[in-house]
Amino acid sequence: MTTLGTLTASPIGFGCMALSHIYGGTTDAQARRTLDESIDAGITFLDTADVYGEPRAGSSGPAGTNEEMLAPLLARRRDGVQLATKFGITGITLGEDHRGQKSTDGRPEYVSQACDASLRRLDVETIDLYYLHRTDPDIPIEETVGAMAQLVTQGKVRHLGLSEVTADELRRAHATAAITAVQSEWSLWSRDVEAHVVPACAELGIGFVPYSPLGRGFLTGTLTPAQIATDLRGRTERMGAGWDANQQALAIVTRVAAEIGATNAQISLAWLLQKAEQFRVACVPIPGSRTASRMIENLGSADIDLTPTQMDLLDHIARTVHGDHNISDDPRWISSGREQ
């Protein structure tokens, strides 16, 4: 187990967004079977968000259907899992190029409304880790986090988290109320958080939850352009126009995997766990999959010990990558676009 601040979680978590429509989706029953088998194998940290899921016709707010999918599972297994969810993204509008234009809400009054709505959808009394999914540029982060702290006092939330915050925003938030974890993209080919945010987490004793730790599946070596042509990944610079050029990055992962007799996914996650150790930051990556076998494979990464030579080789990947990893047209949507 890994301790994120004051929250104990499995060393690899489950990113539940993979069980919604964005990457093809699955049925709710199939999703819960995958989760059941993953929990049985030892993956007990479940990460969702109120915005994950198929938007309802005529609704302008968060979809909430991923949280609703989890409710029957939580009714049976609540005591054996650590539950994380997020709020703050209030709408996503896809433009002609199918890249998202997003809106946020960090008003103190909305914090309480969003939490109550998630509690209803999840059908639970308490959320273990409650994140601000994105900062609201119109609301000081101290005001949003101050309202989140009231949720802890009320017993609705146990721990607080932030997603895609800058180091300065993190320090200001942590001075307002204790922050347990930061969630941002971090992987072999997305390493901008290492410049400011990860060191700030180490300084403050805050854990890190990397999303897309497998490069949205690219680093596994199991995807083809045809498979992702109809979802968001195929429209990004890295996995669209940069697909061929980025095969050199993938080849490095494949080489190290062959040396060890592991899978690309295991190597990618093992590198991330060891890199977090180098920064002295507790880390729980949250890959996702529609099949339990892939998640159980991911869990095996915690037992892999990469050599310094292999780590150096994998470190080189970031210098070979073509294309931006931000899925939004707005550079400020991720922390590196707002760092000073």
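**A walk through the fold**

Let's start with charge: the protein carries 30 positive and 43 negative charges, and the mean positions of these two sets lie 2 Å apart. Keep in mind as you look around that this is a predicted model.

Now zoom out to the overall dimensions. The C-alpha trace spans about 50 × 45 × 40 Å along its principal axes. How does the radius of gyration fit with a compact globule? For 340 residues, such a globule would come out near 20 Å, and the protein has 19 Å, so the two agree.

What about burial and surface? Of the 340 residues, 58% count as buried, that is, under 20% relative accessible area. The accessible surface adds up to about 13700 Å², and carbon and sulfur atoms account for 48% of that. As for how the chain contacts itself, take the contacts between residues at least 6 apart in sequence: 75% of them join residues at least 24 apart.

On to secondary structure. There are 11 helices and 11 strands to trace. Seven strands make up an open sheet with parallel pairing, and you can follow the order S3-S4-S5-S8-S9-S10-S11 across it. Which strands stand at the edges? Those are S3 (14-15) and S11 (207-211); each has a single partner strand, so one side of each is left without a neighbour in the sheet.

For a closer look inside the sheet, go to S9 (residues 157-163) and S10 (residues 181-185), which pair in the parallel sense over 3 bridges. If you want a spot to centre your view on, pick Leu162, whose bridge partner in S10 is Val182.

Key: Residues are numbered from 1 along each chain as its sequence is written. This is a predicted model: local features need pLDDT of at least 70, side-chain atom pairs count only at pLDDT 80 or more; totals for chains, interfaces and linings use all residues. Side-chain values use heavy atoms; hydrogens and water are left out. Helices (H or I, at least four residues) and strands (E, at least two) are DSSP runs, numbered from the N terminus. The radius of gyration is taken over C-alpha atoms; the globule rule is 2.2 Å times the number of residues to the power 0.38. Buried means under 20% relative accessible area, exposed over 50%, partly exposed in between (1.4 Å probe, protein chains only). Contact means heavy atoms within 4.5 Å. Accessible areas come from the Shrake-Rupley method with a 1.4 Å probe; for residues, only the protein chains shown count as cover. Lys and Arg count as positive and Asp and Glu as negative; His and the chain ends are not counted. The place of a charge is taken as NZ of Lys, CZ of Arg, CG of Asp or CD of Glu. Two strands pair if DSSP finds at least two bridges between them.
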